[in-house]
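Visitor: I should like to learn how to read the features of a structural model, one at a time. May we work through an example together?

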Amino acid sequence: MMVLIPMMDLEKYIKEDINMMGANYGRRKEDDIKFNLIPNWMEKLMTVCKYFLYIVPFLCCSIAMFFEGTNLGNSYMLTAVYCLSLLNLMRLTEK
C-alpha cells in the first residue's frame, strides 16, 4: 500500500515555478517592441504619392510631344525632369 506524504509548501512552489516557466503572462517579448515615428496613414499616403510621381513624368512627356517646340512643351518636359529628380531624392533618403 502506497502512503501519500504531503508535500511541503516549498516543494509545491518549486513545482509550480517549473510548470509555469514557459508562460509569459501576457508580457511582450523584447523583439516585438517597435517604435514607429511615422503613423500608418502617412506611410500609405507616401506610397500613393510615390506611384503618382512615377506616372506623372510619362504623362508630361506624352503631353509635351503634342506641343513640340513651344514653351508649353518645354515646361512639361521640365516638370517630368523635376519629378524624376524628386524620385531619386526619395530613393536616396529611404536607404
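Guide: The turns below take up the fold, the core, the surface, the charged pair and the cysteines. Please note that this is a predicted model.

Visitor: Let us begin with the secondary structure. How many helices and strands does the chain have?

Guide: The chain comes to 3 helices and 0 strands. Along the sequence, the pattern reads α-α-α. Helix 1 covers 9-19 and helix 2 covers 40-66, with a loop between them, while helix 3 covers 71-94.

Visitor: What should one expect of nonpolar side chains, and which residues form the largest nonpolar core here?

Guide: In soluble globular proteins, nonpolar side chains tend to be buried together. In this model, the largest nonpolar core has 7 residues, namely Leu53, Val56, Cys60, Ala80, Cys83, Leu87 and Met90. Helix 2 and helix 3 are the elements that each give two or more residues to this core. The most comes from helix 3, with 4 residues.

Visitor: Which residues does Leu53 contact, once its neighbours within four places in sequence are set aside?

Guide: Leu53 is then in contact with Cys83, Leu86, Leu87 and Met90. A related reading compares separation in sequence with separation in space: Leu59 and Met77 are 18 residues apart in sequence, and their C-alpha atoms are 9.9 Å apart. Leu59 lies in helix 2 and has 47% relative accessibility, so it counts as partly exposed.

Visitor: What share of the residues in the chain is buried, and how much accessible surface is there?

Guide: Of the 95 residues in the chain, 11% are buried. The accessible surface comes to about 9,400 Å², and 67% of this belongs to carbon and sulfur atoms.

Visitor: Which residues make a nonpolar patch on the surface?

Guide: Leu37, Ile38, Trp41, Met42, Leu45 and Met46 make a nonpolar surface patch of about 670 Å². One of these, Leu37, is placed in the loop between helix 1 and helix 2. Because its relative accessibility is 85%, Leu37 counts as exposed.

Visitor: Let us turn to charged side chains. Where is a salt bridge found, and how is the pair placed along the chain?

Guide: The criterion is a side-chain nitrogen of Lys or Arg within 4 Å of a carboxyl oxygen of Asp or Glu. By this rule the count is 1 salt bridge. Lys50 and Glu94 meet through their side chains, at 2.3 Å from N to O. The pair links distant parts of the chain, with Lys50 in helix 2 and Glu94 in helix 3, 44 residues apart.

Visitor: Are these two partners exposed or partly exposed?

Guide: Lys50 has 24% relative accessibility and therefore counts as partly exposed. Glu94, at 53%, counts as exposed.

Visitor: Finally, why does Cys60 form no bond with the closest cysteine sulfur?

Guide: A disulfide is a covalent bond between the sulfur atoms of two cysteines. The cut-off for such a pair is 2.5 Å between the sulfur atoms. The closest cysteine sulfur to that of Cys60 is in Cys83, at 5.8 Å, and so is too far for a bond. A search of the whole structure finds 0 disulfides. As for accessibility, Cys60 is buried, with a relative accessible area of 8%, whereas Cys49, at 33% relative accessibility, counts as partly exposed.

Note on methods
Residues numbered from 1 in each chain as written. Predicted model: local features only at pLDDT ≥ 70, side-chain atom pairs only at ≥ 80, totals over all residues. Heavy atoms only, no water. Patch = residues over 30% accessible without salt bridge, like charges linked within 9 Å, V, L, I, M, F, W, Y side chains within 5 Å. Areas by Shrake-Rupley, 256 points an atom, 1.4 Å probe, with all protein chains shown as cover. Buried < 20%, exposed > 50% of the residue type's maximum accessible area, 1.4 Å probe, protein only. Core = buried A, V, L, I, M, F, W, Y, C linked by side-chain atoms within 4.5 Å. Contact = heavy atoms within 4.5 Å.
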